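Biologist: Could you give me a close look at one part of this model, and spell out your cut-offs as you go?

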Amino acid sequence: MSFSDDVRNELARVIPRASCCRIAELNAFYDLEGFLLGDKNQVLDFNNSSPLVARKILLLLKGLYPELPTQVLVSKSRSRRTQICTVRVLGSEAAGQVYQDFKDQSVMGELKIPRKKCCRRAYLRGAFLSNGSITNPERAYHLEISTVQTKLADKILEIMASLGLDAGIIERKGSLVAYLKDGGQIVNMLNLIGAHNALLHFENVRILKDMRNQVNRLVNCETANVEKTVKAAMDQIRDIQIIDKAIGLDELPPKLREVARVRLENPYASLQEIGALMVPKMSKSGVNYRLRQIREKARQVDKMNTKY
Ligand SMILES: [Zn+2]
């Protein structure tokens, strides 16, 4: 089972306590995968591919309207690969009542988003249960809700924004997809819609991943430092060999000669370590200063050699 299925199954069991939130969540099911049918609106349908979610829709409806005439149908999707569960409200009076409650509740602004924050969270949960998915955090950070209706995509984005979620939007195969790519934002979304087990799993993976990245960064940094040190040492040894070949190390002043000798004998030593091997001991900057003088000398010698 995918991580997305885990989250869906968890959310299918979350039943909001307040009736305002129950209406809001049902409204999302209706907006995304529902229909008002018949010339006198005799039938209100809620569709979902998950039987568990269909069961939730039925529970929400029966909780709000105990006497509501309903029917549950199972059919194959057009592609015949998935099944569709339909929770149907029968009769124009019943369907009209549910539909009117949706309209009464969603009033804020042109997009008619729920006024109360608790209801916006419930709406998002319904939207995710209808057309949402989330990638396993081991692979990537990605959560999305898709719809074919532009206005609905705007509504979802507006609700997300009102809850501090900064979603992006793309078009894919004729659908509009609102998505989150940031790990922290996905955690906030899971929290807002009440997927607390999924949230714990997500956070654990995220912490492990962060730690792995940090370790990798440290290792890379360390490797880069070692490479730099080795490269510098190789350059110094080449300078010393140039002088040795051209005029002999004995021609160097004693302090430079001593540094050159210790460097040749300890090609992998750091400047600090070379300083410690000198008699008398020398500071890192002292060693560095003398190695620079050796470089100057090597350049002079090299120039002379190429001249004649
Ligand atoms: Zn509410």
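**A helix pair and the core around it**

Modeller: Sure: α2 and α4 are roughly perpendicular to each other, on a scale where under 35 degrees is roughly parallel, over 145 roughly antiparallel, 65 to 115 roughly perpendicular and the rest oblique. Bear in mind that this is a predicted model, where local features need pLDDT of at least 70 and side-chain atom pairs 80 or more, while totals for chains, interfaces and linings use all residues. Numbering starts from 1 along each chain as its sequence is written.

The axes of α2 (residues 19–33) and α4 (residues 92–105) come within 10 Å and cross at roughly 105°; they're lines fitted to C-alpha atoms over the stretch in contact, with angles from 0 to 180 degrees between N-to-C directions. Helices here are DSSP runs (H or I, at least four residues), as are strands (E, at least two), numbered from the N terminus. On the α2 side, Cys 20, Ile 23, Ala 24, Asn 27 and Tyr 30 make the contact, and on α4 it's Asp 101, Phe 102 and Gln 105 (contact means backbone-placed C-beta atoms within 7 Å).

Now the largest nonpolar core: of its 54 residues, Ile 57, Tyr 123, Ala 127, Ile 156, Ile 186 and Leu 190 touch the most other members. α2 supplies the largest share, eight residues. Such a core joins buried Ala, Val, Leu, Ile, Met, Phe, Trp, Tyr and Cys through C-beta atoms within 7 Å, and buried means 20 or more other C-beta atoms within 10 Å (exposed is 12 or fewer, partly exposed in between). Leaving out residues up to four places away in sequence, Ile 57 touches Leu 26, Phe 29, Phe 46, Asn 48 and Val 87.

Notes. Two residues are in contact if their C-beta atoms, placed from the backbone, lie within 7 Å.
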